[in-house]
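Here is a friendly walk through a two-chain model. Have the coordinates open beside you as you read.

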Amino acid sequence: MNKKCRQFQENYTLMLLSELSEDESAKTLEHLRTCESCKKEAGKISALLELVPAIEVPELDEEDWKIYQNRLNTKLSERLAAEKKPSRKPFQPGLPLWATSAAIAATAVFLILLKPWAPVSPKTLNFTQIIRQQPKNQEEAEMLAYLDVALSLAEETQAKSALTNPVIAQELSSALAQEREL
Amino acid sequence: MIKGEKGIPIEELNPDLLPRVRKGDRAAFDELVMAYRKQAFSVAYRMVKNQSDAEDLSQEAFIKAYQNIGRFEGNSSFYTWFYRILINLCLDFLRKNKRRPEKTSIDWDENGDCAAESNPAFAAPASMNPDEQVIRGEAGNEILKAMEKLSPQQKLVFQLKHMDGFKIGEIAEITGQSEGTVKTHLFRAMERLKSSLTERGVTL
């Protein structure tokens with residue numbers, strides 16, 4: 001196919017698709033008179049475009065369009081209302097990023113080091129409280145003094161855990177109670 | 001008719017319309033929707049071939065147009081800008097629903113043949129005599145099969161031009177391509193359709 005024939009076929013397609021002016025269409029058709037192969041090809045192009053089945057679109061009646069319009073307006077109103085809602089901010093507005101980061105870091109350090117969630121042995125606390133807050137007599141006061149010495153010695157020898165152990169605390173408490181009875 | 005009354009875009013017939021929509025005038029927006037909804041629905045339907053999806057997609061296009069009207073700079077006409085939004089939504093939808101069978105478009109029977117003849121969406125015009133209807137129906141089926149083999153770009157350009165009636169310049173604006181590229185897609189689509197039909201023994 002030479003260049004002129006290719007150009008003709010393109011222009012002929014455009015002509016059938018209403019893309020050429022009257023003058024351009026007339027010039028395109030002139031070629032047909034002289035070129036037999038293009039005449040044949042033109043027939044194929046026409047047939048093809050004519051045979052392409054129309055995709056029929058469902059016809060919506062007035063009521064359908066009313067529903068369509070109402071639905072569209074509802075969707076749009078919802079979308080606009082959602083846009084106006086202030087978005088939730090995870091932290092206080094206006095707090096600079098560095099301050100937020102520092103606060104998070106400080107909290108993390110506090111949690112890791114002090115472990116506030118770790119249960120404190122209530123028996124140890126009670127034992128200490130009883131001994132320290134309610135010495136009944138001279139003997140108890142002396143016992144307290146011995147315990148203080150024992151605690152400081154235990155701290156020095158890294159054995160503090162033994163005294164805070166609830167079992168040991170219980171034993172000490174029992175020992176003290178026996179002492180009181182005596 | 002694509003643009004509105006007498007082929008003139010509604011926003012040109014009523015130059016006040018778009019500025020009103022920009023200011024948030026919902027009545028002006030309704031007017032705009034009423035001018036374009038039928039064509040928008042048709043374009044979407046021909047692409048996705050399902051009524052409910054076509055309604056949703058065209059509505060979504062109107063909502064996007066309303067929300068982004070401030071970004072429309074007027075470098076192209078409003079309606080090509082709008083159809084660009086719509087077609088992109090339809091293409092996204094088709095991509096996401098690639099594996100979902102089309103509900104009302106081409107029904108393929110057990111032999112792989114297209115049962116378009118039984119589908120009212122593809123029926124031959126009733127004005128033809130029965131023989132002519134059969135011949136046209138068969139050729140039409142073959143063309144529909146061949147169309148499925150076109151590249152997405154060729155198929156889109158062919159549909160927008162031949163079925164939806166857009167001008168080539170408009171298709172170029174909608175798809176963001178040059179007119180030359182659009183023509184190339186169109187001619188290649190024609191060539192492929194012709195050769196597919198010849199291969200299948202359909203005489204044009």
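Let's begin with the aromatic residues. In chain B, ring pairs join Tyr36(B), Phe62(B), Phe72(B), Phe78(B), Trp81(B), Phe82(B), Tyr83(B) and Phe166(B) into a cluster. Two rings of Phe, Tyr or Trp (its six-membered ring) pair if their centres lie within 6.5 Å; planes under 30 degrees apart count as stacked, over 60 as edge-to-face and the rest as tilted.

Before going further, a word on the source. This is a predicted model, in which local features need pLDDT of at least 70 and side-chain atom pairs count only at pLDDT 80 or more, while totals for chains, interfaces and linings use all residues. Residues are numbered from 1 along each chain as its sequence is written, chains are lettered from A and ligands numbered from 1 in the order in which they are written, and side-chain values use heavy atoms, with hydrogens and water left out.

**The aromatic cluster**

Over all chains, the structure holds 15 aromatic pairs. One of them is Phe78(B) with Trp81(B): the ring centres are 5.7 Å apart and the planes stand at 45°, so this pair is tilted. Both residues belong to helix H5 (residues 78-96) of chain B, and because they are 3 residues apart there, about one helical turn separates them. Helices here (H or I, at least four residues) and strands (E, at least two) are DSSP runs, numbered from the N terminus.

Are these two residues buried or exposed? Phe78(B) is buried, with a relative accessible area of 3%, and Trp81(B) is buried too, at 17%. Buried means under 20% relative accessible area, exposed over 50%, and partly exposed in between (1.4 Å probe, protein chains only).

Another pair brings together Tyr83(B) and Phe166(B), whose ring centres are 5.0 Å apart with planes at 75°, so the pair is edge-to-face. Tyr83(B) lies in helix H5 of chain B, while Phe166(B) sits in the loop between helix H7 (152-163) and helix H8 (168-175) of chain B, so this pair ties together parts that are 83 residues apart in sequence. Both Tyr83(B) and Phe166(B) are buried.

**The two chains**

The table puts the totals for each chain in one place. Accessible areas come from the Shrake-Rupley method with a 1.4 Å probe; for residues, only the protein chains shown count as cover.

| Chain | Helices and strands | Buried residues | Exposed area |
|---|---|---|---|
| Chain A | 9 helices, 0 strands | 25% of 182 residues | about 13,500 Å², 57% from carbon and sulfur atoms |
| Chain B | 9 helices, 0 strands | 50% of 204 residues | about 10,200 Å², 48% from carbon and sulfur atoms |

Contact means heavy atoms within 4.5 Å. Among contacts in chain A between residues at least 6 apart in sequence, 51% join residues at least 24 apart. In chain B, residues 24 or more positions apart account for 62% of the contacts with a separation of 6 or more.

**Helices of chain A**

Helix H3 (residues 36-51) of chain A has 16 residues and reaches 23 Å from its first C-alpha to its last, close to the 22 Å expected at 1.5 Å a residue. That expected span is 1.5 Å times one less than the number of residues. Buried residues of H3(A) include Cys38(A), Glu41(A), Ala42(A) and Ile45(A).

Helix H4 (residues 62-84) of chain A has 23 residues, and its end C-alpha atoms lie 33 Å apart, in agreement with the 33 Å it should span. What do the buried residues of H4(A) pack against? They pack against helix H3 (26-48) and helix H4 (51-67) of chain B. Those buried residues are Trp65(A), Tyr68(A), Gln69(A), Leu72(A), Asn73(A) and Leu76(A).

At the start of H4(A), a side-chain oxygen of Asp61(A) comes to within 3.1 Å of the backbone nitrogen of Glu63(A).

Ser25(A) lies in helix H2 (residues 22-34) of chain A and counts as buried at 13% relative accessibility. Leaving aside neighbours within four places in sequence, Ser25(A) is in contact with Met15(A) and Leu20(A).

**Cysteines**

How many disulfides does a search of the whole structure find? It finds 0 over all chains, where a disulfide is a pair of cysteine sulfur atoms within 2.5 Å. The sulfur of Cys35(A) is 3.6 Å from the closest cysteine sulfur, in Cys38(A), which is too far for a bond. Cys35(A) is buried, with a relative accessible area of 12%, and Cys90(B) is buried at 0%.

Key: A polar contact is a pair of N or O atoms within 3.5 Å; within protein, one must be able to donate a hydrogen and the other to accept it, and residues adjacent in sequence count only if both atoms are side-chain atoms.
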